[in-house]
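I opened this notebook to record what I looked up, residue by residue. The entries follow the order in which I checked things.

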Amino acid sequence: MTNFSPREIVSELDRFIVGQKDAKRAVAIALRNRWRRQQLDDDLREEVLPKNILMIGPTGVGKTEISRRLAKLANAPFIKIEATKFTEVGYVGRDVDQIVRDLIESGIALTREKRRKDVQAKAHGAAEERVLDALVGPGAGSATRDSFRKKLRDGLLDEKEIEIEVKDTSSPMSSFEIPGMPGGSMGVMNLSDMFGKAFGGRTKQRKIHVKDSYELLITEESDKLLDEDKIISEAVSLVENSGIVFLDEIDKICAREGKGGADVSREGVQRDLLPLIEGTTVTTKYGPVKTDHILFIASGAFHVSKPSDLLPELQGRLPIRVELRALTREDFKAILIDTEANLPKQYSALMATEEVTLTFSDDAIDTIADIAVELNSTVENIGARRLQTVMEKILEDISFEAPDRGGDTIEITGDFVRNNVGELAKNTDLSRYIL
Ligand SMILES: Nc1ncnc2c1ncn2[C@@H]1O[C@H](COP(=O)(O)OP(=O)(O)OP(=O)(O)O)[C@@H](O)[C@H]1O
């Protein structure tokens, strides 16, 4: 758990997300509250429930991105799920408990990754022994083994091909859901687990270069050193105390007054979600998971419905409301220039792998921002996602030809942008399909 102050959390988020100060502050406080809760004594700690957040704002303005970055910062299990995916309990479709089951998978992956690092040195040693076995045979004398070990460590055998026996993870039936039976994927349905335990796991022979074998073998060897039960109990506690669920399109499950049919079912989904947000215990294949302290961030555009159309109980469980505003031309420019790993930087790095030097002039950035604003107002407002479609179109040819242009330096200018997408952007009908 991170002990960053709210101010520090906001400034971390600022590295990736432009504007949206209110939303950043709200999530920063929520995260800090979790740290505060951990400092309390046991009795009081159980009493303090998270203040869940409702993010209101148009599509593509950073709602998911803020939540995802927050989770990453806190090393917290995170899932994004669309509220419209669910149907009421008893109907065919996914049941809401699946949210917690997916979250626990994210928690297991995070915990395993963390624990793998702890045993990495030991696993590295064991992996080296396996590579040596493959190179000289397990029966070789210690002098031969040592001489190969030295060559191996000096990188002289990197390109040599060896044959190793690794766990076969390609089971097509690792887990399946029973259609129409909510929760059917839970528990005993993991066949590879069952057979794995009974027969010691399937393995297969693989031919591989020495230098590529390490990652695979280290992962396998570290898993052998890890205590599976401990990982599970750690992951369950991580999910219960630090899990974050991003519930998108919550506005689409609002029922409007005087309607029947689909609206009744939407309200049913809200009712199903309620216990999860209020705090309940969900059975998973890793054991029971309590949801009381999981942070829920619900989000929606609320163009048609209003937050007050949600069930009153659900409104009460989402007490913090923040509005995210539509992005302006200046925001688009800032997203292209100021954010870490911004799109121009990403494209330049990708082209550098082909020995092509790609740069963007200030005028090019201005023009891209102008075109994105124009398209959002004429075609459809998809927020900052528009920058991705425009950039992709501008660089399509260069991207295709890059392998033949090694050594070239290409500057993207305003004229280049206009020539490539300017005309297209003016044609609303065509843009609908292409940009
Ligand atoms: N304010 C912002 N600053 C930087 N990048 C942004 C911002 N807003 C959106 N983006 C980028 O645009 C893309 C879409 O944003 P995001 O997924 O957060 O949308 P959203 O608001 O959650 O919309 P939706 O509700 O449709 O999922 C992401 O790649 C994100 O990095």
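**Entry 1: Gln20.** I started with Gln20, which counts as buried because 25 C-beta neighbours lie inside 10 Å, where 20 or more are enough. The model is a predicted one. I located Gln20 in the loop between α1 (6-14) and α2 (21-39). I then checked its backbone: phi of Gln20 is positive, about 55 degrees, although the residue is not a glycine.

**Entry 2: Glu355.** I looked up another residue with a positive phi. Glu355 is not a glycine either, and its phi is near 65 degrees. I found Glu355 in the loop between α14 (343-352) and β10 (357-360). Is Glu355 buried or exposed? I noted it as exposed, since 12 other C-beta atoms lie within 10 Å and 12 or fewer is the limit for that class.

**Entry 3: Val61.** Gln20 led me to Val61, because the contact list of Val61 includes Gln20 when C-beta atoms within 7 Å count as a contact. Beyond neighbours within four places in sequence, the other contacts of Val61 are Leu324, Ala326, Leu327, Gly383 and Ala384. Val61 sits in the loop between β1 (53-56) and α4. I counted Val61 as buried, given its 26 C-beta neighbours inside 10 Å.

**Entry 4: the ligand shell.** Next I went to the ligand. I listed 18 residues around the ligand, and the closest are Thr59, Gly62, Lys63, Thr64 and Ala384. Which helix gives the largest share of this shell? It is helix α4 (residues 63-74), with three residues. By class I noted five nonpolar, nine polar and four charged residues in the shell. I also asked where the ligand shell lies with respect to the domains. Domain 1 (6-109 + 234-323) and domain 3 (329-426) each supply residues to the shell, so it lies between the two.

**Entry 5: the database record.** I checked UniProt for annotated positions. The unreviewed entry gives the feature "binding site" at Val18, Gly60, Val61, Gly62, Lys63, Thr64, Glu65, Asp248, Glu313 and Arg385. I then asked how far apart the farthest two C-alpha atoms of these positions are. They are 33.7 Å apart, and the positions span 368 residues in sequence, so they do not all gather at one spot.

**Entry 6: Arg385 and helix α16.** From the UniProt list I picked Arg385, which I placed in helix α16. Arg385 is partly exposed, as 14 other C-beta atoms lie within 10 Å. Which residues of helix α16 (residues 385-394) are buried? I wrote down Arg386, Leu387, Val390, Met391 and Ile394. These buried residues cover an arc of only 130 degrees around the axis, and therefore lie on the same side of α16. I recalled that an α-helix has 3.6 residues a turn, so residues three or four places apart point the same way.

**Entry 7: Arg206.** I looked at Arg206 in strand β4 (residues 203-209). Arg206 is partly exposed, with 14 other C-beta atoms within 10 Å. Leaving out neighbours up to four places away in sequence, I found Arg206 in contact with Glu163, Ile164 and Val166. I also took the C-alpha distance from Arg206 to Gly62, which is 43 Å for a sequence separation of 144 residues.

**Entry 8: Arg101.** I placed Arg101 in helix α5 (residues 97-118). I noted Arg101 as partly exposed, because 19 other C-beta atoms lie within 10 Å and a buried residue needs 20 or more. The C-alpha atoms of Arg101 and Val289 are 8.8 Å apart, with their places 188 residues apart along the chain.

**Entry 9: Leu295.** I found Leu295 in strand β8 (residues 295-300). Its 26 C-beta neighbours inside 10 Å make Leu295 buried. Outside the four places on either side in sequence, Leu295 touches Ala30, Pro50, Asn52 and Ile244. For the pair Leu295 and Pro50, I noted a C-alpha separation of 6.0 Å, at 245 residues apart along the chain.

**Entry 10: the whole chain.** I closed with totals. The protein chain has 19 helices and eleven strands. Buried residues make up 31% of its 435 residues. Of the contacts with a separation of 6 or more, 78% join residues 24 or more positions apart.

Terms used: Residues numbered from 1 in each chain as written. Predicted model: local features only at pLDDT ≥ 70, side-chain atom pairs only at ≥ 80, totals over all residues. Near = placed C-beta within 6 Å. Helix = DSSP H or I, 4+ residues; strand = E, 2+ residues; numbered from the N terminus. Nonpolar A, V, L, I, M, F, W, Y, C, P; charged D, E, K, R; others polar. Domains from an automatic or database assignment. Arc of directions from axis to C-beta. Contact = placed C-beta atoms within 7 Å. UniProt positions renumbered as here; feature names shortened; annotations may be inferred.
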